[in-house]
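Q: Please take a close look at the nonpolar core of this protein. Then go on from there to the parts around it.

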Amino acid sequence: MFKKKKTDDSRMRRYRFSLLLPAMLLLLSCQNPSAGTGQNRQAEESGENGASKSGELQVHFIDVGQSDASLILCEGHAMLFDTGENGTSPLLQFYLMEMGVEKLDYVIGSHPEADHIGGMDAILLKYDCGTVMLPEISPDTASYRDVQEAMERRGVTRVSPEPGEQYPLGGAFFTIIAPNRDYGENMNNASIGIKLVYGENAFIFTGDGEREAEEDMLKNGIPLNADVLQAGHHGSSDASTEAFVEAVSPRYAVISCGKDNAYGHPHRETLETFQEAGVEVFRTDLQGNIVALSDGRNLTWHFNPAPSWDEIYYVGNKSNGKLHVSTCLSLPKEWNQIIFSSREEAVRAGFSDLCGGCF
Ligand SMILES: [Zn+2]
Ligand SMILES: [Zn+2]
């Protein structure tokens, strides 16, 4: 599912991703089995991807400001739970490129609000996406229309999963825990929730589900206990109720929110709830990209700096299909960009018409 990175891969030089833990980058870079070329596949079969076979789950809580995007990698398989907002779409794409993701088994939009599906259209247009999940609501918003259009262009139909359904991801699997009913106008409560399990480790994601959604998850009979809870609704006090936190009884909580955001997330009440329950809290507004590694028994935590790149790359305009060199003075707006590491990659994705002003 991931592109095998060779040591001579120019991308390694192009995107200087100064990981705090060079050893981790080493691990990640030899952990990217390919569904691609015969040459890569050969490398995979020859056991070069031993690290991925030895078994590891990676959960990346990507810092996309006041929005949500989590990349989950397991033994050569990949999924995205939420895709950030429109403006952070290039950042998300660079993060996936850096992680060597070439194909996604699942793309889940917890609910169709811009801070969760804003970056989804570019992901759908750029990557082969296996199963695309969205709850069964269709708001009349620009972000949602973009996602629908991208799905039509790629011939993808969405799945609206039901609680109790299970889906495999390498040696891990996830169970749908929400939404449990129709919540009318409240889109947050319609969020898809999942419990991701790898060996003895488990993670809960609930999107922006609020109190009512949490109450229904408590009632649906699926055990909620997990090591890690991604705090619902960016750490808002209308989620992470005491009863829910008690049922999950996490050791760690991760809050995805933007620095000095207008909502005051995370709310003081939420932080108090976690503190009283003895839960260690990580925050993307303070720590940036937060990565949990699991070997099926133990969890370790790492912090990746934002990807940075200083060499030429290519930018597709998803509205008009034009292609630009990254140095072009008339690049499309962030929400409209599809990022490619090479011109060949862009052409393969259908972006062959180079802009006249590019040099
Ligand atoms: Zn949100
Ligand atoms: Zn151009």
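A: **The nonpolar core and beyond**

In this predicted model, the largest nonpolar core has 46 residues, and those touching the most other members are Leu71, Leu96, Val101, Leu104 and Ile123. Domain 1 (10–33 + 49–304) and domain 2 (314–354) each supply at least three residues to this core. As a general point, nonpolar side chains in soluble globular proteins tend to be buried together.

Take Leu96 as an example. Leaving aside residues up to four places away in sequence, Leu96 touches Ile62, Leu71, Leu80, Val101, Leu104, Ile123 and Tyr127. Another core, of 29 residues, lies apart from the largest one, and its members include Leu169, Phe174, Ile176 and Ile192.

Next comes the sheet. An open sheet is formed by 8 strands in the order β6-β5-β4-β3-β2-β1-β14-β15, with mixed pairing. The strands at the edges are β6 (158–159) and β15 (299–304); each has a single partner strand, so one side of each has no neighbour in the sheet. Strand β5 (residues 128–133) runs parallel to β6, and 2 bridges join them. Here Val132 stands opposite Arg158 in β6. In general, strands of a sheet pair through backbone hydrogen bonds, either parallel or antiparallel.

The metal sites remain. The zinc ion (ligand 1) is coordinated at 2.0 to 2.1 Å by Asp115 (OD), His116 (NE2), Asp208 (OD) and His234 (NE2). The 4 donor atoms make angles of 89 to 142°, and the site of this zinc ion (ligand 1) is irregular. The spacing of its donor residues in sequence is D-H-x91-D-x25-H. Two of these donors link distant parts of the chain: His116 belongs to helix α6 (residues 114–117), while His234 is in the loop between β11 (228–230) and α10 (242–248), 118 residues apart. His116 counts as buried because its relative accessibility is 0%. His234 also counts as buried, at 2% relative accessibility.

The zinc ion (ligand 2) has the protein donors His324 (ND1), Cys328 (SG), Cys355 (SG) and Cys358 (SG), which lie 2.2 to 2.3 Å from it. Around the zinc ion (ligand 2), the 4 donor atoms subtend angles of 99 to 120°, so the arrangement is tetrahedral. The general ideal for four tetrahedral donors is 109.5 degrees. Along the chain, the donor residues of the zinc ion (ligand 2) follow the spacing H-x3-C-x26-C-x2-C. Cys328 is in the loop between β17 (322–325) and β18 (337–340), and Cys358 is in the segment after β19 (353–354), so this pair ties together parts that are 30 residues apart in sequence. Cys328 and Cys358 are both buried.

Terms used. Residues numbered from 1 in each chain as written. Chains lettered and ligands numbered in written order. Predicted model: local features only at pLDDT ≥ 70, side-chain atom pairs only at ≥ 80, totals over all residues. Heavy atoms only, no water. Donors = N, O, S within 2.8 Å, 3.2 Å for Na, K, Ca; no water. Tetrahedral: all angles 85-135°; square planar, octahedral: opposite > 155°, others 65-115°. Helix = DSSP H or I, 4+ residues; strand = E, 2+ residues; numbered from the N terminus. Buried < 20%, exposed > 50% of the residue type's maximum accessible area, 1.4 Å probe, protein only. Core = buried A, V, L, I, M, F, W, Y, C linked by side-chain atoms within 4.5 Å. Domains from an automatic or database assignment. Contact = heavy atoms within 4.5 Å. Pairing = 2+ DSSP bridges.
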